[in-house]
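Welcome, and thanks for taking a look at this one with us. Please have the sequence and the 3D view open as you read.

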Amino acid sequence: MAGQQRVYRQKIRATSSLKKIFRAMELIAASRIGKARLRVEHATPYTRAITRAISAVAAHSSVDHPLTTARTDTGRAAVLVISADRGMAGAYSANVIREAERLRGRLQADGKEIVQFAAGRRAVSYYAFRRRELAGQWTGASDAPDRETAREMARALFERFQASKEDGGVDEIYIVGTRFISMVTQQSQVLRLLPLEIVEGVEETEEGEIEPLYDFEPSAEQVLDALLPRYIESRIFGSLLHCAASELASRQRAMNTATSNAEDIIRNYTRLANQARQAEITQEISEIVSGADALAAS
Amino acid sequence: MAGPLTVDVVAPDRVLWSGTAERLIAPTVEGEIGLLTGHEPVLSVLRAGTVRVRGGADGDAEFAIDGGFVSFDHDIVTVVVEPVVATGEAGETAAH
(Lines give C-alpha, C1' and ligand atoms only; values in the text may rest on other atoms or scores of the structure.)
Protein backbone atom coordinates (compact mmCIF):
# COMPACT_ATOMS: atom_id res chain seq x y z
CA MET A 1 0.00 0.00 0.00
CA ALA A 2 2.75 2.43 0.89
CA GLY A 3 4.40 1.47 -2.36
CA GLN A 4 1.42 2.76 -4.30
CA GLN A 5 1.76 6.15 -2.68
CA ARG A 6 5.45 6.33 -3.45
CA VAL A 7 4.83 5.55 -7.13
CA TYR A 8 2.36 8.41 -7.39
CA ARG A 9 4.68 10.83 -5.63
CA GLN A 10 7.46 9.91 -8.03
CA LYS A 11 5.24 10.52 -11.05
CA ILE A 12 4.21 13.89 -9.68
CA ARG A 13 7.83 14.88 -9.19
CA ALA A 14 8.80 13.78 -12.70
CA THR A 15 5.88 15.58 -14.30
CA SER A 16 6.51 18.80 -12.44
CA SER A 17 10.12 18.91 -13.56
CA LEU A 18 8.93 18.34 -17.14
CA LYS A 19 6.44 21.11 -16.66
CA LYS A 20 9.25 23.45 -15.69
CA ILE A 21 11.05 22.61 -18.93
CA PHE A 22 7.92 23.17 -21.01
CA ARG A 23 7.28 26.46 -19.30
CA ALA A 24 10.85 27.59 -19.92
CA MET A 25 10.65 26.64 -23.60
CA GLU A 26 7.40 28.53 -23.91
CA LEU A 27 8.87 31.64 -22.35
CA ILE A 28 11.97 31.48 -24.53
CA ALA A 29 9.87 31.16 -27.67
CA ALA A 30 7.61 33.97 -26.52
CA SER A 31 10.54 36.27 -25.87
CA ARG A 32 12.05 35.61 -29.28
CA ILE A 33 8.93 35.78 -31.35
CA GLY A 34 8.56 39.54 -31.07
CA LYS A 35 11.94 40.04 -32.62
CA ALA A 36 11.27 37.45 -35.33
CA ARG A 37 8.00 39.16 -36.25
CA LEU A 38 9.72 42.50 -36.41
CA ARG A 39 12.33 41.10 -38.74
CA VAL A 40 9.60 39.75 -41.01
CA GLU A 41 7.93 43.14 -41.05
CA HIS A 42 11.16 44.98 -41.73
CA ALA A 43 12.21 42.72 -44.56
CA THR A 44 8.85 42.78 -46.32
CA PRO A 45 9.18 46.22 -48.03
CA TYR A 46 12.49 45.18 -49.57
CA THR A 47 11.13 41.91 -50.94
CA ARG A 48 8.05 43.70 -52.22
CA ALA A 49 10.12 46.42 -53.91
CA ILE A 50 12.25 43.85 -55.71
CA THR A 51 9.25 41.80 -56.74
CA ARG A 52 7.54 44.89 -58.11
CA ALA A 53 10.63 45.90 -60.03
CA ILE A 54 10.97 42.41 -61.48
CA SER A 55 7.33 42.37 -62.44
CA ALA A 56 7.71 45.77 -64.08
CA VAL A 57 10.58 44.53 -66.18
CA ALA A 58 8.70 41.37 -67.08
CA ALA A 59 5.60 43.33 -68.01
CA HIS A 60 7.15 46.26 -69.83
CA SER A 61 9.95 44.72 -71.79
CA SER A 62 10.21 41.90 -74.25
CA VAL A 63 13.67 40.67 -73.47
CA ASP A 64 14.46 37.01 -73.60
CA HIS A 65 15.76 36.25 -70.16
CA PRO A 66 15.85 33.11 -68.01
CA LEU A 67 13.73 34.94 -65.51
CA THR A 68 10.79 35.43 -67.80
CA THR A 69 11.03 32.41 -70.03
CA ALA A 70 10.38 28.90 -68.82
CA ARG A 71 13.06 26.32 -69.31
CA THR A 72 12.11 22.77 -70.13
CA ASP A 73 15.27 21.04 -71.29
CA THR A 74 16.49 19.33 -68.13
CA GLY A 75 13.37 17.68 -66.70
CA ARG A 76 14.52 18.45 -63.18
CA ALA A 77 13.16 20.64 -60.42
CA ALA A 78 14.95 21.90 -57.34
CA VAL A 79 12.98 21.86 -54.09
CA LEU A 80 14.18 23.64 -50.98
CA VAL A 81 12.45 22.54 -47.78
CA ILE A 82 12.72 24.86 -44.80
CA SER A 83 12.04 23.21 -41.44
CA ALA A 84 13.06 23.65 -37.82
CA ASP A 85 16.34 22.61 -36.25
CA ARG A 86 14.73 21.31 -33.09
CA GLY A 87 11.48 19.65 -32.24
CA MET A 88 9.13 20.80 -29.50
CA ALA A 89 7.18 22.85 -31.98
CA GLY A 90 4.12 20.69 -32.41
CA ALA A 91 3.45 19.65 -35.98
CA TYR A 92 5.47 22.49 -37.48
CA SER A 93 8.19 20.46 -39.20
CA ALA A 94 5.86 17.58 -39.96
CA ASN A 95 3.51 19.92 -41.82
CA VAL A 96 6.28 21.37 -43.94
CA ILE A 97 7.66 17.95 -44.79
CA ARG A 98 4.20 16.66 -45.66
CA GLU A 99 3.72 19.61 -47.99
CA ALA A 100 7.09 18.89 -49.56
CA GLU A 101 6.18 15.25 -50.10
CA ARG A 102 2.96 16.29 -51.78
CA LEU A 103 4.89 18.58 -54.10
CA ARG A 104 7.34 15.79 -54.77
CA GLY A 105 4.52 13.47 -55.76
CA ARG A 106 3.05 16.10 -58.05
CA LEU A 107 6.34 16.84 -59.75
CA GLN A 108 7.16 13.18 -60.17
CA ALA A 109 3.75 12.61 -61.71
CA ASP A 110 4.74 15.25 -64.25
CA GLY A 111 7.84 13.21 -64.98
CA LYS A 112 10.27 15.49 -63.24
CA GLU A 113 13.29 14.50 -61.31
CA ILE A 114 13.71 16.14 -57.91
CA VAL A 115 16.87 17.84 -56.76
CA GLN A 116 16.38 18.12 -53.03
CA PHE A 117 17.71 20.89 -50.83
CA ALA A 118 16.97 21.04 -47.12
CA ALA A 119 17.31 23.65 -44.41
CA GLY A 120 16.87 22.79 -40.76
CA ARG A 121 18.00 19.64 -38.98
CA ARG A 122 14.52 18.09 -38.96
CA ALA A 123 14.22 18.02 -42.75
CA VAL A 124 17.84 16.92 -43.16
CA SER A 125 17.39 13.94 -40.84
CA TYR A 126 14.07 13.07 -42.49
CA TYR A 127 15.76 12.74 -45.87
CA ALA A 128 18.87 11.12 -44.43
CA PHE A 129 16.72 8.43 -42.80
CA ARG A 130 15.05 7.71 -46.12
CA ARG A 131 18.42 7.67 -47.85
CA ARG A 132 17.51 10.39 -50.27
CA GLU A 133 20.38 12.37 -51.58
CA LEU A 134 20.52 16.03 -50.66
CA ALA A 135 22.03 18.49 -53.11
CA GLY A 136 22.54 20.96 -50.33
CA GLN A 137 21.77 21.31 -46.64
CA TRP A 138 21.92 24.06 -44.08
CA THR A 139 21.40 23.64 -40.37
CA GLY A 140 21.90 25.52 -37.16
CA ALA A 141 20.04 28.80 -37.48
CA SER A 142 16.41 27.99 -38.16
CA ASP A 143 15.02 30.31 -35.49
CA ALA A 144 17.35 33.25 -36.25
CA PRO A 145 18.36 33.17 -39.91
CA ASP A 146 21.09 35.47 -41.13
CA ARG A 147 21.70 36.96 -44.53
CA GLU A 148 24.86 34.97 -45.09
CA THR A 149 22.94 31.70 -45.03
CA ALA A 150 20.31 33.13 -47.35
CA ARG A 151 23.03 34.26 -49.75
CA GLU A 152 24.62 30.82 -49.72
CA MET A 153 21.29 29.15 -50.44
CA ALA A 154 20.56 31.63 -53.21
CA ARG A 155 23.92 30.98 -54.78
CA ALA A 156 23.52 27.21 -54.65
CA LEU A 157 20.03 27.31 -56.14
CA PHE A 158 20.88 29.87 -58.79
CA GLU A 159 23.91 27.88 -59.89
CA ARG A 160 21.61 24.94 -60.47
CA PHE A 161 19.27 27.10 -62.48
CA GLN A 162 22.05 28.34 -64.70
CA ALA A 163 23.85 25.03 -65.07
CA SER A 164 23.52 22.99 -68.22
CA LYS A 165 21.62 19.72 -68.28
CA GLU A 166 24.81 17.68 -67.91
CA ASP A 167 25.89 19.62 -64.84
CA GLY A 168 22.62 18.97 -63.06
CA GLY A 169 20.72 22.05 -64.13
CA VAL A 170 17.08 22.47 -63.14
CA ASP A 171 13.98 23.89 -64.87
CA GLU A 172 12.25 25.19 -61.81
CA ILE A 173 13.02 26.15 -58.24
CA TYR A 174 10.49 25.65 -55.46
CA ILE A 175 10.61 26.65 -51.83
CA VAL A 176 8.49 24.77 -49.33
CA GLY A 177 8.15 26.77 -46.16
CA THR A 178 5.69 28.21 -43.72
CA ARG A 179 4.03 31.55 -44.01
CA PHE A 180 3.56 33.48 -40.81
CA ILE A 181 0.07 34.94 -40.94
CA SER A 182 -0.54 35.62 -37.28
CA MET A 183 0.39 34.25 -33.88
CA VAL A 184 -2.23 31.54 -34.19
CA THR A 185 -2.18 30.89 -37.94
CA GLN A 186 0.78 29.64 -39.90
CA GLN A 187 0.29 28.13 -43.30
CA SER A 188 2.73 25.78 -44.92
CA GLN A 189 3.07 26.74 -48.55
CA VAL A 190 4.86 26.04 -51.78
CA LEU A 191 6.42 28.96 -53.55
CA ARG A 192 7.73 28.77 -57.06
CA LEU A 193 10.82 30.93 -57.17
CA LEU A 194 11.80 30.52 -60.79
CA PRO A 195 10.62 30.94 -63.42
CA LEU A 196 8.72 33.91 -62.14
CA GLU A 197 5.19 32.98 -61.26
CA ILE A 198 3.52 35.87 -59.58
CA VAL A 199 3.20 39.25 -61.16
CA GLU A 200 1.91 41.21 -58.25
CA GLY A 201 1.90 44.91 -57.66
CA VAL A 202 2.06 45.96 -61.28
CA GLU A 203 -0.62 48.50 -61.80
CA GLU A 204 -3.17 47.67 -64.41
CA THR A 205 -3.28 50.34 -67.05
CA GLU A 206 -6.64 52.00 -67.00
CA GLU A 207 -8.70 52.20 -70.09
CA GLY A 208 -7.59 54.94 -72.42
CA GLU A 209 -4.31 55.30 -70.60
CA ILE A 210 -1.23 54.58 -72.58
CA GLU A 211 0.94 51.88 -71.10
CA PRO A 212 3.90 53.67 -69.55
CA LEU A 213 7.12 53.30 -71.42
CA TYR A 214 9.71 52.14 -69.00
CA ASP A 215 13.22 53.38 -69.35
CA PHE A 216 15.75 50.78 -68.30
CA GLU A 217 19.24 51.83 -67.45
CA PRO A 218 21.64 50.56 -68.72
CA SER A 219 19.36 48.04 -70.50
CA ALA A 220 16.53 45.71 -69.65
CA GLU A 221 18.83 42.69 -69.77
CA GLN A 222 21.38 44.25 -67.47
CA VAL A 223 18.72 45.40 -65.06
CA LEU A 224 17.40 41.85 -64.93
CA ASP A 225 20.89 40.47 -64.48
CA ALA A 226 21.40 42.76 -61.52
CA LEU A 227 17.96 42.08 -60.07
CA LEU A 228 17.84 38.33 -60.41
CA PRO A 229 20.35 37.32 -57.70
CA ARG A 230 18.87 39.90 -55.35
CA TYR A 231 15.39 38.67 -56.07
CA ILE A 232 16.28 35.08 -55.27
CA GLU A 233 18.18 36.05 -52.18
CA SER A 234 15.47 38.30 -50.86
CA ARG A 235 12.77 35.70 -51.51
CA ILE A 236 14.79 33.05 -49.70
CA PHE A 237 15.64 35.35 -46.84
CA GLY A 238 12.01 36.41 -46.59
CA SER A 239 10.94 32.77 -46.47
CA LEU A 240 13.52 32.00 -43.82
CA LEU A 241 12.27 34.86 -41.67
CA HIS A 242 8.67 33.75 -42.09
CA CYS A 243 9.65 30.22 -41.16
CA ALA A 244 11.57 31.37 -38.10
CA ALA A 245 8.59 33.36 -36.84
CA SER A 246 6.26 30.43 -37.55
CA GLU A 247 8.55 28.00 -35.81
CA LEU A 248 8.66 30.13 -32.68
CA ALA A 249 4.90 30.65 -32.73
CA SER A 250 4.29 26.91 -33.11
CA ARG A 251 6.76 26.17 -30.35
CA GLN A 252 5.15 28.63 -28.02
CA ARG A 253 1.74 27.15 -28.67
CA ALA A 254 2.92 23.56 -28.38
CA MET A 255 4.74 24.25 -25.13
CA ASN A 256 1.77 26.10 -23.74
CA THR A 257 -0.40 23.03 -24.37
CA ALA A 258 2.26 20.76 -22.94
CA THR A 259 2.42 22.84 -19.76
CA SER A 260 -1.31 22.67 -19.19
CA ASN A 261 -1.29 18.93 -19.94
CA ALA A 262 1.43 18.50 -17.33
CA GLU A 263 -0.71 20.43 -14.87
CA ASP A 264 -3.64 18.12 -15.57
CA ILE A 265 -1.51 15.06 -15.02
CA ILE A 266 -0.12 16.45 -11.77
CA ARG A 267 -3.63 17.16 -10.53
CA ASN A 268 -4.79 13.63 -11.32
CA TYR A 269 -1.81 12.01 -9.68
CA THR A 270 -2.19 14.20 -6.62
CA ARG A 271 -5.77 12.98 -6.24
CA LEU A 272 -4.72 9.37 -6.67
CA ALA A 273 -1.92 9.81 -4.16
CA ASN A 274 -4.29 11.36 -1.64
CA GLN A 275 -6.73 8.54 -2.18
CA ALA A 276 -4.01 5.96 -1.63
CA ARG A 277 -2.89 7.71 1.56
CA GLN A 278 -6.45 7.86 2.84
CA ALA A 279 -7.00 4.19 2.08
CA GLU A 280 -3.86 3.33 3.95
CA ILE A 281 -4.92 5.34 7.02
CA THR A 282 -8.39 3.77 6.98
CA GLN A 283 -6.89 0.34 6.84
CA GLU A 284 -4.50 1.05 9.69
CA ILE A 285 -7.33 2.36 11.87
CA SER A 286 -9.52 -0.64 11.17
CA GLU A 287 -6.59 -2.91 11.98
CA ILE A 288 -6.01 -1.15 15.31
CA VAL A 289 -9.68 -1.13 16.19
CA SER A 290 -10.20 -4.76 15.32
CA GLY A 291 -7.02 -5.64 17.23
CA ALA A 292 -8.34 -3.80 20.31
CA ASP A 293 -11.71 -5.46 19.92
CA ALA A 294 -10.10 -8.84 19.77
CA LEU A 295 -8.10 -8.11 22.92
CA ALA A 296 -11.19 -6.83 24.79
CA ALA A 297 -13.22 -9.88 23.80
CA SER A 298 -10.59 -12.33 25.07
CA MET B 1 3.63 71.41 -60.67
CA ALA B 2 2.30 68.10 -59.53
CA GLY B 3 2.50 66.93 -55.93
CA PRO B 4 5.65 65.75 -54.24
CA LEU B 5 7.32 62.41 -54.79
CA THR B 6 6.59 59.48 -52.55
CA VAL B 7 9.96 58.10 -51.61
CA ASP B 8 10.85 54.81 -49.98
CA VAL B 9 14.44 53.88 -49.32
CA VAL B 10 14.61 50.24 -48.30
CA ALA B 11 17.49 48.03 -47.20
CA PRO B 12 17.24 44.24 -46.91
CA ASP B 13 16.48 44.32 -43.22
CA ARG B 14 14.61 47.57 -42.73
CA VAL B 15 13.09 50.69 -44.22
CA LEU B 16 15.69 53.43 -44.12
CA TRP B 17 13.59 56.37 -45.13
CA SER B 18 9.99 56.83 -46.08
CA GLY B 19 8.02 59.93 -46.85
CA THR B 20 7.51 62.63 -49.40
CA ALA B 21 10.20 64.73 -51.01
CA GLU B 22 10.68 67.11 -53.92
CA ARG B 23 13.71 65.58 -55.48
CA LEU B 24 15.83 62.48 -55.39
CA ILE B 25 19.35 62.12 -56.73
CA ALA B 26 20.85 58.68 -57.17
CA PRO B 27 24.13 57.40 -58.64
CA THR B 28 23.27 55.02 -61.46
CA VAL B 29 25.83 52.98 -63.36
CA GLU B 30 25.58 55.49 -66.21
CA GLY B 31 25.82 58.64 -64.13
CA GLU B 32 23.79 60.53 -61.60
CA ILE B 33 20.06 60.63 -62.09
CA GLY B 34 17.85 63.34 -60.65
CA LEU B 35 14.19 62.51 -60.28
CA LEU B 36 11.43 65.10 -60.05
CA THR B 37 7.69 64.63 -60.27
CA GLY B 38 6.44 63.72 -63.72
CA HIS B 39 9.59 61.86 -64.71
CA GLU B 40 9.07 59.01 -67.10
CA PRO B 41 9.00 55.54 -65.52
CA VAL B 42 12.53 54.34 -65.05
CA LEU B 43 14.26 51.36 -63.55
CA SER B 44 17.93 51.77 -63.08
CA VAL B 45 20.82 49.91 -61.51
CA LEU B 46 22.84 51.89 -58.99
CA ARG B 47 26.55 51.89 -58.30
CA ALA B 48 28.34 52.76 -55.07
CA GLY B 49 27.78 56.37 -54.12
CA THR B 50 25.31 58.53 -52.29
CA VAL B 51 21.55 58.67 -52.61
CA ARG B 52 20.27 62.12 -51.75
CA VAL B 53 16.72 63.01 -50.83
CA ARG B 54 15.94 66.72 -51.02
CA GLY B 55 13.05 68.76 -49.79
CA GLY B 56 11.59 66.00 -47.63
CA ALA B 57 8.75 66.74 -45.26
CA ASP B 58 11.12 66.24 -42.34
CA GLY B 59 14.34 67.45 -43.88
CA ASP B 60 16.89 66.13 -46.33
CA ALA B 61 18.61 62.79 -46.09
CA GLU B 62 21.66 61.14 -47.54
CA PHE B 63 22.58 57.50 -47.72
CA ALA B 64 25.91 55.99 -48.68
CA ILE B 65 25.30 52.85 -50.71
CA ASP B 66 27.27 50.03 -52.23
CA GLY B 67 24.74 49.25 -54.90
CA GLY B 68 21.09 48.64 -55.54
CA PHE B 69 18.49 49.97 -57.90
CA VAL B 70 15.93 52.71 -58.20
CA SER B 71 12.49 52.44 -59.70
CA PHE B 72 10.21 55.31 -60.57
CA ASP B 73 6.58 54.96 -61.52
CA HIS B 74 3.63 57.35 -61.12
CA ASP B 75 5.66 59.67 -58.88
CA ILE B 76 6.48 56.80 -56.54
CA VAL B 77 10.18 56.27 -56.09
CA THR B 78 11.51 53.11 -54.55
CA VAL B 79 15.21 52.96 -53.87
CA VAL B 80 16.48 49.54 -52.99
CA VAL B 81 19.93 49.74 -51.50
CA GLU B 82 22.32 47.01 -50.61
CA PRO B 83 24.36 46.89 -48.21
CA VAL B 84 24.25 50.31 -46.79
CA VAL B 85 25.88 52.50 -44.17
CA ALA B 86 23.74 55.45 -43.21
CA THR B 87 25.72 58.67 -43.16
CA GLY B 88 24.77 61.67 -41.11
CA GLU B 89 21.31 62.74 -42.08
CA ALA B 90 22.07 66.23 -43.30
CA GLY B 91 19.53 68.94 -42.64
CA GLU B 92 17.75 66.94 -40.01
CA THR B 93 18.49 69.18 -37.06
CA ALA B 94 16.23 68.78 -34.07
CA ALA B 95 13.85 66.19 -35.41
CA HIS B 96 14.49 63.74 -32.62
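## Where the chains meet

How many residues of chain B are in contact with chain A, and how many of chain A with chain B? In this predicted model, 22 residues on the chain B side meet 24 residues on the chain A side. Five strands of chain B each give two or more residues to its side of the contact: S1 (5-11), S2 (14-21), S5 (42-46), S8 (68-73) and S9 (76-81). S5(B) contributes the most, with four residues. Sorted by class, the side of chain B that touches chain A holds eleven nonpolar, seven charged and four polar residues.

## A strand pair across the interface

S5(B) is worth a second look, as S5(B) also pairs with a strand of the other chain, S6 (residues 215-217) of chain A. The two run in the parallel sense, and three bridges link them. If you would like a spot to zoom in on, try Asp215(A), which stands opposite Val42(B) in S5(B).

As a reminder, strands of a sheet pair through backbone hydrogen bonds, in either a parallel or an antiparallel way.

## The sheet of chain A

Now turn to chain A, where five strands form an open sheet with mixed pairing, in the order S3-S2-S1-S4-S5. Its edges are S3 (136-138) and S5 (186-194) of chain A, each of which pairs on one side only. From one strand to the next, the twist averages 20 degrees.

Within this sheet, S1 (residues 76-82) and S4 (residues 172-180) of chain A run parallel and are joined by five bridges. To find this pairing on screen, start at Ala78(A), whose bridge partner in S4(A) is Ile173(A).

## Helices on the sheet

Which strands does helix H3 (residues 121-129) of chain A touch as it packs on the sheet? They are S1, S2 (113-119) and S3 of chain A, and the direction of H3(A) makes about 140 degrees with that of S2(A).

Another helix, H5 (residues 220-297) of chain A, lies across S1, S4 and S5 of chain A. H5(A) runs at about 35 degrees to S4(A).

## Chain B as a whole

Back in chain B, the secondary structure amounts to ten strands and zero helices. Along the sequence, the pattern reads β-β-β-β-β-β-β-β-β-β. Chain B has 96 residues, of which 36% count as buried. Among the contacts in chain B with a separation of 6 or more, 51% come from residues 24 or more positions apart.

Terms used:
Residues are numbered from 1 along each chain as its sequence is written. Chains are lettered from A and ligands numbered from 1 in the order in which they are written. This is a predicted model: local features need pLDDT of at least 70, side-chain atom pairs count only at pLDDT 80 or more; totals for chains, interfaces and linings use all residues. Two residues are in contact if their C-beta atoms, placed from the backbone, lie within 7 Å. Ala, Val, Leu, Ile, Met, Phe, Trp, Tyr, Cys and Pro count as nonpolar, Asp, Glu, Lys and Arg as charged, and the others, Gly among them, as polar. Two strands pair if DSSP finds at least two bridges between them. Axes are lines fitted to C-alpha atoms, for helices over the stretch in contact, and angles run from 0 to 180 degrees between N-to-C directions. A residue is buried if 20 or more other C-beta atoms lie within 10 Å of its own, exposed if 12 or fewer, and partly exposed in between; C-beta atoms are placed from the backbone.
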